[in-house]
Each structure stands twice: as C-alpha cells, then as structure tokens.
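Visitor: I'm new to this one and would like a close look at a single part to begin with. Could you then lead me from there through the rest?

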Amino acid sequence: AGEGANRGPNSRSIIKRLRRATSYVDQDRLFVGFEDVTQTLLAELFKMEHRRSVISIYGMGGLGKTTVARELYNSSKVMENFPYRAWVCVSQEYSTSDLLRTLIKSFRKRCFGDELKMIEQMDEEDLERYLREILKDHKYLAVVDDVWHKEAWESLKRAFPDDKNGSRVIITTRKRDVATRVDDRSFVHELRFLTPDESWDLFCKKISHGDGYNNWCSAGMLDLGRQMVHKCGGLPLAIVVLGGLLCHKERLQEWHEVKEHIWRHLKNDSLEISFLLSLSYDDLSGQLKHCFLYLGSFLEDSLIDVEKLKWLWMAEGFITPREAKMEEVADHYLNELVNRSMIQIADKMWDKIAYCRIHDLLRDLAVQKAIEVNFFDIYDPRKYSTANSSATIRVAYAIASGTL
C-alpha cells in the first residue's frame with residue numbers, strides 16, 4: 001500500500017498526469033446521509049420561537065459535525081431567512097478577542113480602512129459591545145464551530161443579543177457536557193454514524209469523483225471495497241480517506257494489499273481512524289508528503305489561502321524549478337491532496353479552490369509526522385533554544401502565529 005512513497009514523479013510523468021486530470025473532488029457533492037438530520041435541525045432553526053436559542057451538535061471527531069453545520073449554513077432557505085450570518089472556529093486554543101473580531105468581520109462581510117483599524121485596536125469589552133450594536137434588531141445566525149470548553153461559549157454569548165426576532169446560534173463540539181450546558185433553551189443533537197447503505201454510497205461517490213462507479217472498478221474491487229467500508233464503522237472521515245486512498249489504485253492486487261494492511265491492524269473488528277490516516281500518508285509521494293506536512297504549521301481550524309500556500313510550497317523547494325510550469329504542478333499537488341481527502345475545500349472562486357482547511361485529526365498527524373522526521377519544530381518560548389533545534393529543517397512559528 002505504500003508504493004506511492006517510492007514514486008518520485010519526474011517532469012514528464014507529472015505533466016502527463018496533469019493533462020489527463022487536474023480536477024478535484026468537490027466535497028459539496030459528497031454530502032451523503034444526514035438528510036434526516038438536516039431536516040430535523042432546519043425545523044429547529046425555523047420553529048416558532050422568537051427568543052434567541054442555541055442548537056448544539058455533538059459527536060466524535062470525523063463524524064461530520066462541521067459538514068452538517070455547513071450544509072445548514074449554506075442552505076438557500078437559511079440564507080433567505082437569516083440576513084446576518086457568521087461563522088467562527090474556536091478550537092482548543094483560542095482568544096476571545098480574536099473570535100469576536102472574526103465574528104464582526106464575518107457579519108459585516110467587508111471591513112475597510114478606519115473601521116478595520118478600529119476593530120484591531122479594540123479590547124474584548126469594546127469588541128463585545130460593537131458586535132451587539134451590529135446585531136441589534138437584526139435576525140442573525142452564528143455558527144460557533146469546534147467548541148472544546150463551555151467557557152469559550154460563556155465568553156462569547158453576551159455578544160449575541162436576544163431581540164426576540166428568532167435569531168439562532170449553532171454550536172458544534174465533541175463533548176456532550178459542552179453541548180448540554182451551553183444554554184437552558186438549547187436543542188441538543190447527538191450526530192449518528194452513517195448506516196451501511198449510506199457508508200457505501202459515500203465511498204462510491206468518493207472513488208468515482210462523485211459521478212457513480214468508476215468504470216475501471218471490477219466486481220472484485222467492489223467486493224473488497226464493501227468489506228473495507230464495513231470496518232470503517234460508519235465514520236464519514238474514515239470512509240472518504242479510504243476512498244481517497246483507493247481511487248488512485250486501479251489494479252485489484254493493489255486493493256488486496258490495502259485490505260491486508262487494514263486487516264492486520266483491526267482492533268475489536270473495526271478500523272482505527274489513526275491507522276487509516278497514517279496509511280494514507282504513507283501512500284503519498286515524497287513531494288506530496290512535504291506538501292502535506294507543511295500544512296501542520298498552520299493554526300488549527302484556520303482557513304488557508306491556496307495561492308499563498310502554493311507559493312510557500314514553491315519557496316520551500318517542494319516543487320523544483322526543473323519541473324515545467326511550477327504553478328500547474330502546485331495545482332496538481334493541491335488537487336491530489338483534496339482527492340485523497342487529506343485536505344478539505346473551504347471556499348471556491350470561479351470554480352477554483354480559493355481557501356482550504358485541514359481536519360483536526362489530519363493536522364495532528366501532520367504535526368506528529370513532521371516532528372518525527374525533523375521537518376519542522378513547534379516554537380514554544382518556554383522550552384525553545386537554538387541548541388535543541390539545530391537539526392530541524394524549519395521552525396513553524398511565522399505561519400502558526402499568523403505573521404505571514
């Protein structure tokens with residue numbers, strides 16, 4: 001299964017593959033299952049309750065909480081009924097002031113000049129007051145994504161006014177106690193796992209770029225696929241990563257090799273997501289490994305500007321000058337990581353990826369592998385010194401701190 005790690009692509013082979021296919025799998029087309037969930041949650045958003053209320057979605061990592069929240073957020077009915085919408089990711093390490101600034105900019109859509117400068121200079125109390133003023137008398141929807149501690153919500157909720165106009169807040173979290181304690185009027189929904197049929201449907205869409213079965217998939221491949229999907233236990237992230245791994249393998253023997261790897265590492269007759277993620281990483285070429293590891297230097301849950309990312313890859317030497325059309329190669333690397341579900345599309349512009357993000361579990365893998373191979377070191381002023389970083393290629397400080 002790890003043959004990808006030994007395939008060092010040269011210029012000719014890369015350009016040939018670029019001409020054959022440079023498209024990516026649009027993750028929006030891979031929303032499978034949860035239709036019943038979205039209908040339940042939409043009903044909560046639009047129920048005849050004038051007071052501001054909170055909808056909490058909780059479940060384990062990789063289950064699709066953010067995907068469901070984004071499906072609601074981008075619903076045409078929601079956009080019509082909530083003129084003011086904003087999205088903010090909290091994560092484990094957060095600054096309340098930064099979260100408030102993000103919410104203000106998201107609700108305002110565009111902040112320029114003096115207003116932007118003023119927002120950057122405000123303290124937490126002023127930011128809270130300013131956000132309340134923006135939202136006053138307006139019906140709004142705010143998504144507070146990836147909340148780890150109820151204190152994070154406590155620090156934000158005062159900024160959301162209750163003008164009895166049906167405003168709503170959606171919170172996603174892995175923790176049940178956070179979901180159940182955010183508000184005395186909250187609606188709490190535990191996200192379920194996919195059913196066997198939904199799991200198979202998602203896998204088939206993934207390996208076929210969303211268009212049905214791949215015409216090169218034999219009956220033997222599909223049988224192996226069903227066996228492997230079953231071991232994913234209905235976890236969407238595991239299923240799409242498995243599909244991303246297998247969609248690059250067009251021979252039955254390759255699928256057998258993946259299955260053998262998986263079967264040797266089953267625990268309690270199920271597949272551990274951490275092993276599958278590592279298996280997908282091991283299948284990357286050397287250049288793709290470098291590009292993937294580099295993503296670990298960005299903040300958790302951050303939006304990554306794709307153009308900036310590609311130029312950083314080129315500046316680091318991951319795309320060498322002898323490879324013709326470096327920007328095309330960078331696009332190819334990005335699309336391959338998306339197709340393998342190693343990174344996710346966050347936003348598109350003119351049908352091209354404008355922003356991407358990396359799932360928390362995959363970012364954890366990138367950081368772990370990067371430190372193991374001395375690809376980068378995480379700057380921590382409490383323990384950092386020149387001596388202990390002399391063997392490290394780079395120090396992940398500028399990107400992680402947002403200075404680039």
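Visitor: Let's start with Ser91. Is Ser91 buried or exposed, and what is its relative accessibility?

Guide: Ser91 counts as buried, because its relative accessibility is 3% and the cut-off for buried is under 20%. Keep in mind that you're looking at a predicted model. If you follow the chain to strand 2, which covers residues 84–91, you'll find Ser91 there. Now check its backbone: Ser91 isn't a glycine, yet its phi is positive, at about 70°. Most residues other than glycine have a negative phi.

There's another residue like that to set beside Ser91. Asn268 isn't a glycine either, and its phi is near 55°, again a positive value. The setting is another matter: Asn268 sits in the loop between helix 13 and helix 14. At 79% relative accessibility, Asn268 counts as exposed, because the cut-off for exposed is over 50%.

Let's step back for a moment. The protein chain has 18 helices and 10 strands. It runs to 404 residues, and 52% of them count as buried. Take the contacts with a separation of 6 or more in the protein chain: 74% of them are between residues 24 or more positions apart.

From the loop that holds Asn268, walk on into helix 14, residues 273–282. This helix is mostly covered, with 8 of its 10 residues buried. Those are Ile273, Phe275, Leu276, Leu277, Ser278, Leu279, Ser280 and Tyr281. What do they pack against? The neighbours are helix 12, helix 13, helix 15 (286–294) and helix 18 (360–372). Tyr281 has a charged partner too: Lys289 lies over the face of its ring, at 5.2 Å from the ring centre. You can see a similar arrangement back at Tyr73, where the charged end of Arg85 sits over the ring, 4.2 Å from its centre.

Next, try helix 11, which spans residues 219–230. It has 12 residues, and at 1.5 Å a residue the helix should span 16 Å; its end C-alpha atoms are 17 Å apart, which agrees. Which of its residues are buried? Met221, Leu224, Gly225, Met228 and Val229 are. They cover an arc of only 135° around the axis, so they lie on the same side of helix 11. An α-helix has 3.6 residues a turn, so residues three or four places apart point the same way. Turn to the other side of helix 11 and you meet Ala219 and His230, both exposed. The cover over the buried residues of helix 11 includes helix 10, helix 12 and helix 13.

Two of those covering helices bring us to the rings. The structure holds 12 aromatic pairs. One of them is Trp153 with Phe160, a stacked pair at 5.8 Å centre to centre, with 20° between the planes. Trp153 and Phe160 are both buried. Another pair, Phe203 and Trp255, is edge-to-face, with centres 6.3 Å apart and 80° between the planes. That pair links distant parts of the chain: Phe203 belongs to helix 10 (residues 196–207) and Trp255 to helix 13 (residues 252–264), 52 residues apart. Phe203 is buried, as is Trp255. Elsewhere, ring pairs join Tyr294, Phe298, Phe318, Phe375 and Phe376 into a cluster.

Here's a lysine to look at as well. Lys310 lies in helix 16, residues 306–316. Although its side chain can carry a charge, set that aside and look at where it sits: Lys310 is buried, with a relative accessible area of 6%. Leaving out residues up to four places away in sequence, Lys310 touches Ala330 and Asp331. Its C-alpha atom is 9.4 Å from that of Met326, a residue 16 places away along the chain.

Finally, a word on cysteines. The structure holds 0 disulfides. Cys232 counts as buried, because its relative accessibility is 6%. Cys247 is buried too, with a relative accessible area of 10%.

Key:
Residues numbered from 1 in each chain as written. Heavy atoms only, no water. Phe/Tyr/Trp six-rings, centres within 6.5 Å; stacked < 30°, edge-to-face > 60°. Buried < 20%, exposed > 50% of the residue type's maximum accessible area, 1.4 Å probe, protein only. Helix = DSSP H or I, 4+ residues; strand = E, 2+ residues; numbered from the N terminus. Lys NZ or Arg CZ within 6 Å of the ring centre and 35° of its normal. Expected span 1.5 Å × (residues − 1). Arc of directions from axis to C-beta. Contact = heavy atoms within 4.5 Å. Disulfide = S-S within 2.5 Å.
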